[in-house]
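Biologist: I would like to learn how to read a new structure, one feature after another. Could you take me through this one?

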Amino acid sequence: MRMGMGLGGRRMAAGVAAGVLVGVLAGCSSGGSEGAKGASGAASPAVTSATGGTGGTGAASASGSAVVPSASGAAPSAAGTASGGAAAGGAAAPVPSAGGATPGADLEAALLDDKVVGQVLPDARAMAGWDEEKRKVDSADHTVTCTASAPCTGKPLSGSVRFSSGDLVARFLVDTLPSRDAARSRLKETYASYPVGPFHKVDTPVLGSESQAFVGPLSAGDGVSIVVRSGTVVASVTTEGGPVDVAGARRFAAMLVKRIEQAQAGRTPDAGLGPA
């Protein structure tokens with residue numbers, strides 16, 4: 001009888017010990033799981049800052065746009081650049097709405113019609129709040145701008161218009177070429193007219209097929225010039241007469257590029273500045 005009770009006692013003790021061991025193992029497993037959760041929680045903010053949340057998404061979007069061009073070979077848009085800047089170091093300077101468009105296709109369509117060139121240049125409706133001062137559009141035979149003393153052999157069809165608002169002056173110039181290669185050559189010549197020293201380049205999001213902004217002395221003091229090629233058209237926009245305003249000049253240039261692209265697509269240009 002005592003032997004039987006001893007054996008039962010040992011079995012009971014073994015059962016209790018096993019229960020304790022299971023409890024200990026369960027506690028260890030629970031603690032390890034909590035530790036893993038803690039580690040996961042610690043890692044989550046780093047992942048979120050890199051790929052999640054508003055700022056991270058903007059940064060990833062800007063980076064992706066810079067590395068992987070769109071189907072049209074476009075450079076990053078102003079909106080993408082602004083988002084990336086905000087993610088990198090706080091709030092970025094606002095970009096005018098008209099300047100946020102992604103560059104258009106590098107179209108081969110030639111605008112060798114003086115009436116179309118006149119339509120491409122902005123009018124009073126497009127430049128609401130500005131006064132038109134001077135407009136000149138070349139004719140197909142160049143009789144408007146060419147003379148015996150200044151022949152126009154090989155000259156592209158061109159047009160220009162000037163607007164003012166108080167002391168501020170904005171000028172638009174359009175040169176149309178018969179091909180994209182001819183336009184590329186014309187663009188290089190135009191770039192060269194802004195010599196290093198008096199003028200310095202300013203990095204801005206690309207407009208049209210390719211573009212470059214310059215800041216330097218103009219007729220009324222320091223101003224901004226933005227030179228753009230959009231397919232077979234080379235255009236320039238200058239602003240002066242007030243504080244140097246690159247964003248404002250780019251807003252004008254974006255509107256002009258839109259009008260050029262509308263004409264290249266066979267539409268009547270009607271793009272305007274829109275809200276600032």
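**Reading the fold step by step**

Modeller: Gladly. Let us begin with one residue: Pro-198 sits in the loop between H5 and S4. Please keep in mind that this is a predicted model.

Biologist: Is Pro-198 buried, exposed or partly exposed?

Modeller: Its relative accessibility is 47%. Buried means under 20% and exposed means over 50%, so Pro-198 counts as partly exposed.

Biologist: Which residues is Pro-198 in contact with, leaving aside its neighbours within four places in sequence?

Modeller: Pro-198 contacts Val-215, Gly-216 and Pro-217. With Val-215, the separation is 17 residues in sequence and 8.5 Å in space, C-alpha to C-alpha.

Biologist: Let me step back to the whole chain. How many helices and strands are there in the protein?

Modeller: The protein has six helices and seven strands. Along the sequence, the pattern reads α-α-α-α-β-β-β-α-β-β-β-β-α. Of its 276 residues, 33% count as buried.

Biologist: How should I think about strands that lie side by side?

Modeller: The general idea is that strands of a sheet pair through backbone hydrogen bonds, in either a parallel or an antiparallel way. In this protein, seven strands make an open sheet in the order S1-S2-S3-S7-S6-S5-S4, and the pairing is antiparallel.

Biologist: Which strands stand at the edges?

Modeller: Those are S1 and strand S4 (200–202). Each has a single partner strand, so one side of each is left without a neighbour in the sheet. On average, neighbouring strands of this sheet are turned by 20 degrees against each other, direction ignored.

Biologist: Where does helix H5 fit in?

Modeller: H5 packs on the sheet and touches S3, S5, S6 and S7. The direction of H5 makes about 165 degrees with that of S6.

Biologist: Can we walk through the pairs, starting from S4?

Modeller: S4 and S5 run antiparallel and are joined by three bridges. His-200 has Val-215 in S5 as its bridge partner, and Val-215 is also one of the contacts of Pro-198.

Biologist: How many bridges pair S5 with S6?

Modeller: There are nine bridges between strand S5 (residues 210–218) and strand S6 (residues 221–230), in the antiparallel sense. Two examples help you find them: Gly-216 has Gly-223 in S6 as its bridge partner, and Gln-212 has Val-227 in S6. A hairpin joins S5 to S6 through two residues.

Biologist: And what comes after S6?

Modeller: S6 and S7 form a hairpin too, with two residues between them. In that turn, Gly-231 has a positive phi of about 65 degrees. Seven bridges join these antiparallel strands, and the partner of Ser-225 in S7 is Thr-238. S7 also runs antiparallel to S3, with eight bridges joining them; there, Asp-175 has Val-234 as its bridge partner in S7.

Biologist: Is S7 mostly covered or mostly open?

Modeller: S7 is mostly covered, since eight of its eight residues are buried. Val-233, Ala-235, Val-237 and Thr-239 point one way from S7, while Val-234, Ser-236, Thr-238 and Glu-240 point the other way.

Biologist: What does helix H6 (residues 246–264) bring to the picture?

Modeller: Look at Val-246, which belongs to H6. Not counting residues up to four places away in sequence, Val-246 touches Val-202, Thr-204, Val-215, Val-224 and Ile-226. Val-246 and Val-224 are 22 residues apart along the chain, and their C-alpha atoms are separated by 6.2 Å.

Biologist: Last topic: how does one find a pocket?

Modeller: In general, rolling a probe the size of a water molecule over the atoms shows where empty space is left. In this model, the largest pocket holds about 410 Å³ of space. It is lined by 25 residues, and the closest to its centre are Gly-159, Ser-160, Arg-171, Phe-172 and Leu-173.

Biologist: Which elements give two or more residues to that lining?

Modeller: They are strand S1 (131–137), strand S2 (157–165), strand S3 (168–176), helix H5 (180–192) and strand S7 (233–240). S2 gives the most, with five residues. By class, the lining of the largest pocket has six nonpolar, 10 polar and nine charged residues.

Terms used
Residues numbered from 1 in each chain as written. Predicted model: local features only at pLDDT ≥ 70, side-chain atom pairs only at ≥ 80, totals over all residues. Heavy atoms only, no water. 1 Å grid on protein atoms, 1.4 Å probe; cavity = no way out; pocket = protein on both sides within 12 Å on 5 of 7 lines; lining within 4 Å. Points joined across faces, edges and corners; volume = space filled by probe spheres on them. Helix = DSSP H or I, 4+ residues; strand = E, 2+ residues; numbered from the N terminus. Nonpolar A, V, L, I, M, F, W, Y, C, P; charged D, E, K, R; others polar. Pairing = 2+ DSSP bridges. Axes fitted to C-alpha atoms, helices over the stretch in contact; angles between N-to-C directions. Contact = heavy atoms within 4.5 Å. Buried < 20%, exposed > 50% of the residue type's maximum accessible area, 1.4 Å probe, protein only.
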